[in-house]
Amino acid sequence: MGMEVGVVELVRTGWIAGTLPILIASLPLSCLNSFHDIVLGFAKRGKILQSSSSKRFTVPQKFFWHFYVLAVVWTTLLLATTWTYAYKMVPLNADPFLYSTFANRITGGSHILSWRKSPSIPIGYRYSVWRSVFLLLLMEVQVVKRLIETIYVFKYSSTARMHIFGYLTGLFFYTAAPLSLCCNHIPEVYNYSVNGVAEFIVKGKKYTMQDLDFNWLEFTSSLLKLGWLQWIGAAIFFWGWFHQGRCHDILGSLREDSEQSDEYVIPHGDWFKFVSSPHYLAEIVIYAGLVVASGGADLTIWLLFGFVVSNLVFTAAETHRWYLQKFKSYPRNRRAIIPFLY
């Protein structure tokens, strides 16, 4: 329990620490102008940063691919271990008479490890674990897409930079975001995985195929037993996911030559009809889908969502101002990120 509280509280503290400065900098108070400029300086990148005179403490914007390599590796690890734990220990369609003691199992009691389950696990806990698997699956779809886009869609200029603080924030985000989707079950998953490795080492060649065997139909069937909120959340997620992909394609097509660092044109199409940063809007929709799919009762995921919204709204407002200053013919009916409102 101590480890669970430790992980959950650490992640929540990270989201609060990341969100509060943005919210404070967004307040329309003249006494906060200097603080606003400092926070904005950390958030600047690409074309927005190029309008700034200082390039100190910056890294190439193409380092974005670091975020998504980290995200894919980390999310895949969390998904694989959490899914295996859910399948072996808390399936939603298993025979309870086949189970052994849950407490012994997750703490390494009795045998080092046995592929048996426990009848004492409450059904609410079972569904909670499988919701985490579902959320991690959605996150995996997102980060794999972003890695592919970073490699094949975006053509970063050789002069495009981002602040080192923004780079570190990105590394933090793609470590903490997947973890936020499953941190309530990290102690059990961790103990299960460690004990599994220990038994594999002890058994060696005697580690039978039966120990490693998976019934793939059973492996996925528990996901199909989740509630309607999970599927509504997935629908919202893929709505944003689809439009983000389209908007990224539009942005990527604007720069055929990555060396053309000073040539910018007004993007058109898809959600660009409504806002200047539709890819940010789509990102918000994606994470709103995760909130719905989680059931809406997990504070950690709400804090993740709050960070995403505050960060992207703050950055989109500056992007919108840049467009208005750069192009006299810029469509005046577009808003920064929220259609018809802001």
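These are my notebook entries on a predicted model.

**Overall picture**

I started with the whole chain. I counted 13 helices and 2 strands in its secondary structure. Of the 342 residues, 49% come out as buried. I then looked up the accessible surface, which is about 17,000 Å², with 66% of that belonging to carbon and sulfur atoms. For contacts with a separation of 6 or more, I noted that 82% are between residues 24 or more positions apart.

**H4 against H8**

How are H4 and H8 oriented to each other? I took helix H4 (residues 64-89) and helix H8 (residues 186-203) and got an angle of about 85 degrees, with the axes 9 Å apart. Angles of 65 to 115 degrees count as roughly perpendicular, so that is the label H4 and H8 get. Next I listed who meets whom. From H4 I have Leu-78, Thr-81, Thr-82, Thr-84, Tyr-85, Lys-88 and Met-89. Their partners in H8 are Ile-186, Glu-188, Val-189, Tyr-192 and Ser-193.

**H12 against H13**

I did the same lookup for helix H12 (residues 278-293) and helix H13 (residues 299-326), whose axes come within 10 Å and cross at roughly 170 degrees. That angle makes H12 roughly antiparallel to H13, because the cut-off for that label is over 145. On the H12 side I wrote down Tyr-280, Glu-283, Ile-284, Tyr-287, Ala-288, Leu-290 and Val-291. The H13 residues they meet include Ile-301, Trp-302, Leu-304, Phe-305, Val-308 and Val-309. Further along H13, Leu-312, Val-313, Thr-315 and Ala-316 are on the list too.

**H1 and the patch**

Which residues make up the nonpolar patch on the surface? I got Ile-16, Leu-20, Leu-23, Ile-24, Leu-27, Leu-29 and Phe-35, together holding about 580 Å² of accessible area. Helix H1 (residues 2-25) supplies the largest share, 4 residues. I picked Leu-27 for a closer look: it sits in the loop between H1 and helix H2 (33-43). Its relative accessible area is 42%, so I logged Leu-27 as partly exposed.

Still in H1, I checked Thr-19. Is Thr-19 buried or exposed? Its relative accessible area is 11% and the cut-off for buried is under 20%, so Thr-19 goes down as buried. Leaving out residues up to four places away in sequence, I find Thr-19 touching Leu-303, Gly-306, Phe-307 and Ser-310. I checked where those partners belong, and residues 299-326 are helix H13.

**Lys-155**

I found Lys-155 in the loop between helix H6 (123-152) and strand S2 (161-163). Lys-155 has 30% relative accessibility, so it counts as partly exposed. I also looked up its spacing to Leu-254: the two are 99 residues apart along the chain, yet their C-alpha atoms are separated by 9.1 Å.

**Positive phi**

Most residues other than glycine have a negative phi. I therefore noted the exceptions I came across. Asp-270 has phi near 50 degrees, and I place Asp-270 in the loop between helix H11 (228-253) and H12. Asp-270 counts as buried, at 10% relative accessibility. Phe-340 has phi near 70 degrees, again positive in a residue other than glycine. Phe-340 lies in the segment after H13. Here the relative accessibility is 65%, so Phe-340 counts as exposed.

Technical notes. Residues numbered from 1 in each chain as written. Predicted model: local features only at pLDDT ≥ 70, side-chain atom pairs only at ≥ 80, totals over all residues. Heavy atoms only, no water. Patch = residues over 30% accessible without salt bridge, like charges linked within 9 Å, V, L, I, M, F, W, Y side chains within 5 Å. Areas by Shrake-Rupley, 256 points an atom, 1.4 Å probe, with all protein chains shown as cover. Salt bridge = Lys/Arg side-chain N within 4 Å of Asp/Glu carboxyl O. Buried < 20%, exposed > 50% of the residue type's maximum accessible area, 1.4 Å probe, protein only. Axes fitted to C-alpha atoms, helices over the stretch in contact; angles between N-to-C directions. Parallel < 35°, antiparallel > 145°, perpendicular 65-115°, else oblique. Contact = heavy atoms within 4.5 Å.
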